[in-house]
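The exercises below are to be worked through with the sequence and the 3D structure side by side. Try each task before reading its solution.

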Amino acid sequence: MRSPFSRRHLLQSMAAGLSAAALPRLVLAQGATQPPPTPRPAARPSPYRVDEPVSIEVNARPLPSFDIRDRARTRFGSLEYRSGLILTSSFSGFGGLSALRLDARGERFIAVSDQGSWFTGRIVYRGRQMAGLDDVEAAPLLGADGRPITSTRGWYDSESLALDGSFAYVGLERVNQVLRYDFAKGFTRARGEVIALPPAARKLPNNKGLEALVFVPKGLPLAGTLIAFSERGLDGNGNLIAFLVGGKTTGQFSVRRTENFDISDGVLLPSGDLLILERKFSWIGGVGIRIRRLALSDIAPGAIVDGPAIFNADLGNEIDNMEGIDAHVTAEGETVLTMISDDNFSLIQRNLLLQFTLMA
């Protein structure tokens, strides 16, 4: 990675970072209840948090290749590299991008920063390659009182995002809560309401808790269900805990944990396959990411699900702290995966936007 700092400093920084068609409305009432959330003291002012909506400029530098060791290589497991961007901005609140969702064309996007902010805008393409971002706006995540969640509750660490028609669901890792927003009521100016989760969700580690959200639409198994994955909440067998929220089938299941990977995001493909983005860190092996394919039909309360890895990358590739993934289908019928990284607002990390074609 291009940095004036040493590889050791890079690994230390990344280790810290690792510690619209209408669909059915998610049913909020759950079989289990939980006590109302306890307000927290207001957070200290931070230069990385957004207090009000603001238009910003984001600069993009292209990444012509993905493999640092072999610049001509384009195939990586089941993925073929399309293009990538290094994103920077003079706006201090730009960064910490932890989740990303795109429209059906792969152009308009909405992302969340782990500092309690929305980022919206448009990906500009030159042919099939990304060229930059335009129309970018930052706005604070609002609570039910209409004020930024960072100022009233001290909530931040907004790590995950799922869309259900006009509804958006944002997972907050530090407090293991999920907020629901109705974008029909002001888009990113809408107010969030806490939805009920199983009591076990509140017991997840506060820095390894709710990390990925996926909403299942009509026509697929578990339709109307919000699937909530923990980063490294472990069951009695050391597997990763996940929850089925809403829909007709609620409960808890596990994703088999292998090779010390933790979950950072997920996306549901039109085929019904579920892709989970995972990452790991060790002082010996460094940083790695992978994508695993799970069968949605295997997921049920009490199940332990597993699936093959279709993509692996390490620091010999143009990666960083990859935290978000989404998919769209091009006019030519290609399935494109888009990944985004969380730079932790560090000088030695990068905001990367990467796109690959899913080949198989």
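The protein exposes about 14,800 Å², with accessible areas taken from the Shrake-Rupley method with a 1.4 Å probe, and carbon and sulfur atoms supply 51% of that surface. This is a predicted model, in which local features need pLDDT of at least 70 and side-chain atom pairs count only at pLDDT 80 or more, while totals for chains, interfaces and linings use all residues. Residues are numbered from 1 along each chain as its sequence is written, and side-chain values use heavy atoms, with hydrogens and water left out.

**Exercise 1.** Determine over which residues pLDDT stays under 50.

Solution. Begin with the mean pLDDT (the predictor's confidence in each residue, from 0 to 100), which is 88 for the protein, with 88% of its residues at 70 or more. Then turn to residues 1-43, over which pLDDT stays under 50. For this stretch the model has 108 contacts (heavy atoms within 4.5 Å) beyond four places in sequence.

**Exercise 2.** Work out which strands stand at the edges of the open sheet.

Solution. Helices (H or I, at least four residues) and strands (E, at least two) are DSSP runs, numbered from the N terminus, and the protein has two helices and 24 strands. Two strands pair if DSSP finds at least two bridges between them. Four strands form an open sheet in the order β9-β10-β11-β12, with antiparallel pairing. β9 (158-164) and β12 (193-194) each have a single partner strand and therefore stand at the edges, with one side of each left without a neighbour in the sheet. Within the sheet, six bridges join β10 (residues 167-172) to β11 (residues 177-182), and V170 stands opposite L179 in β11.

**Exercise 3.** Describe how β16 pairs with β15 and with β20.

Solution. β15 (residues 240-245) and β16 (residues 251-255) pair in the antiparallel sense over five bridges, with L244 opposite G251 in β16. The two strands β15 and β16 form a hairpin with five residues between them, and G246 in the turn has a positive phi of about 75°. With β20 (residues 304-305), β16 pairs in the parallel sense over two bridges, and S254 stands opposite I304 in β20.

**Exercise 4.** Find which strands each supply at least two residues of the lining of the largest cavity.

Solution. On a 1 Å grid over the protein atoms alone, a cavity is a set of points where a 1.4 Å probe fits but cannot get out, and lining residues have an atom within 4 Å of a point. The largest cavity has a volume (the space filled by probe spheres set on the points) of about 90 Å³. Its lining includes L87, F94, F109, F119, I340 and L353. The strands sought are β5 (97-102), β6 (108-113), β7 (117-126) and β8 (129-140).

Note on methods:
1 Å grid on protein atoms, 1.4 Å probe; cavity = no way out; pocket = protein on both sides within 12 Å on 5 of 7 lines; lining within 4 Å.
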